[in-house]
Amino acid sequence: MSEDKLSKIVSLCKRRGFIFGGSQLYGGLSSIWDYGPLGVLLKKRIKDIWWQEYVEKREDIVGLDSAIIMHENVFLASGHLSGFCDELVDCPQCKKRFRPDKAEKIDEKLYRCPYCGIEVDITLYKPRKFNLMLKTNLSAVETTPLWGYLRPETAQGIFINFLNVINTTHKKLPFGIAQIGKAFRNEVTAGNFIFRMKEFEQMEIEYFVKEEEADKFFEEWVKERFNFYIEKMGLKKENLRLREHTKEELAHYAKRCVDIEYNFPFGWSELEGIANRTNFDLSSHSKVSKKDLSYFDEEKKERIIPFVIEPSAGVDRTFFAVICDAYDEEIVKGRLRVVLRLKPELAPYKVAIFPLLKSDNQLVELAKKIFYDIKDKISSIYDDTANIGKLYRRQDEVGTPFCVTVDPQTLMDKKVTIRDRDTMKQERVSIDRVFEFIKERLNEECFIS
Ligand SMILES: [Zn+2]
């Protein structure tokens, strides 16, 4: 894969309504993106499948939706207030801030500004610590601010609700709390499309276990989450790998961490991290809040602070990987065909319905009737805003598995043409069998339940 592929994917995402630049109308904001009509459908499918898999199908994991804005002390306890910082240098020429650790190093004190290219002496322009958390004033009076923070990870909302969940659900170890939601980091290193964003979405599970079982569950979660990307997201196995964090890389709270990496067009990068966070967070929140967050272990008849295994996945990165993996080009009859070979369960639309000629009222009416008959059973779209060649091309590019075309012949034989996205094979199917035909070829998860 290449940079060229990256620009093709970005352009497809913008062209087809998956992703738009954030605040684009006003010149845009760096590392902030909006999801368009197609993007929101794909993103929702990713989240729904994750939620079904871990909350709905399992009895040992419960869901949570905690607030985005949190009390300052949450981040005092978690260590984010003091430790969640980047070292930044202010470029004397272009005035932009950059991270020397990510910039070109010329010698011990000279670093190249990635924006304007001048050499900056960091003994003169000393790096300053810059907290990545976004802060907001919760007070109505500006002169007496009450600072709240937009969470930099969904995890803390889970830890501070640990007692609430235990007391209301009576869960016993091992058990997990799952959450999908937005998190915010004021990242300075912009880049690679939606890979690193200031506002992003996470799918996190905090899986609470006894200390002696932590290693065993860690291994299980790594395996489980690796397979999820292949089986549920349809990613190719050769584009996935595991990478163990070195001792130096480990976060202050972690005993062990393994990343699941994806082979993005710009190289292998993190899709998900699975960490053994030990009992750091619960212990620390106990100390700062002065509330007992321990758990009574009935076997040992003692109070313990559970360890936690955290599979932390990025929704946007999963979305990005799914599109990269599905993107394909082929030459058909001398012309380039771009096709998103999405797993049908993920495709925004499963079926598209067209009349061959939009000037023919009978064809239009019949095509619309087929659309209205199936649209509450399966995600579908009706389109007559271009010629048939263009209509097929649009649906190929957004990964729609089936296209149904109503043509003049249909009026005679009551049959339509159904075209398969991957093989482009066309079959004549009787109108009253359209839904059945699709049902036979797609999994149950593709239908509206
Ligand atoms: Zn500069």
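Seven strands, written here as 7 strands in the order E3-E13-E14-E20-E17-E16-E15, form an open sheet with mixed pairing. Strands (E, at least two residues) and helices (H or I, at least four) are DSSP runs numbered from the N terminus, and two strands pair if DSSP finds at least two bridges between them. The edges are strand E3 (61–64) and strand E15 (240–244), each with a single partner strand, so one side of each has no neighbour in the sheet. From one strand to the next, the twist averages 25°. This is a predicted model, in which local features need pLDDT of at least 70 and side-chain atom pairs count only at pLDDT 80 or more, while totals for chains, interfaces and linings use all residues. Residues are numbered from 1 along each chain as its sequence is written.

At the E15 edge, the neighbour is strand E16 (residues 256–264); the two run antiparallel and are joined by 5 bridges. Leucine 242 is placed opposite isoleucine 260 in E16. Strands of a sheet pair through backbone hydrogen bonds, either parallel or antiparallel.

A further open sheet has 5 strands in the order E24-E23-E25-E26-E27, again with mixed pairing. Its edge strands are E24 and strand E27 (426–430), each of which pairs on one side only. Here the twist averages 25° from one strand to the next. Helix H10 (residues 361–374) packs on this sheet and touches E23, E24 and strand E25 (402–406). The direction of H10 makes about 160° with that of E23; angles run from 0 to 180 degrees between N-to-C directions, with axes fitted as lines to C-alpha atoms, for helices over the stretch in contact.

At one edge of this sheet, strand E26 (residues 415–420) and E27 run antiparallel, with 5 bridges between them. The bridge partner of valine 416 is valine 429 in E27. At the E24 edge, strand E24 (residues 380–382) runs parallel to E23 and is joined to E23 by 3 bridges. Isoleucine 353 stands opposite tyrosine 382 in E24.

Strand E23 (residues 351–355) has 5 of its 5 residues buried, so E23 is largely enclosed by the rest of the structure. A residue is buried if 20 or more other C-beta atoms lie within 10 Å of its own, exposed if 12 or fewer, and partly exposed in between, with C-beta atoms placed from the backbone. In a regular strand the side chains alternate between the two faces of the sheet. In E23, Val351, Ile353 and Pro355 point one way, Ala352 and Phe354 the other way, and all are buried.

Next comes a helix pair. Helix H2 (residues 37–56) and helix H9 (residues 315–326) pack at an angle of about 115°, with their axes 10 Å apart. That makes H2 roughly perpendicular to H9, a term for angles of 65 to 115 degrees, where under 35 is roughly parallel, over 145 roughly antiparallel and the rest oblique. Leu42, Lys43, Ile46 and Lys47 in H2 meet Val315, Thr318, Phe319 and Val322 in H9; two residues are in contact if their C-beta atoms, placed from the backbone, lie within 7 Å. The residues of this contact divide into 5 nonpolar, 1 polar and 2 charged, where Ala, Val, Leu, Ile, Met, Phe, Trp, Tyr, Cys and Pro count as nonpolar, Asp, Glu, Lys and Arg as charged, and the others, Gly among them, as polar.

The chain as a whole contains 13 helices and 27 strands. Of its 449 residues, 37% are buried.
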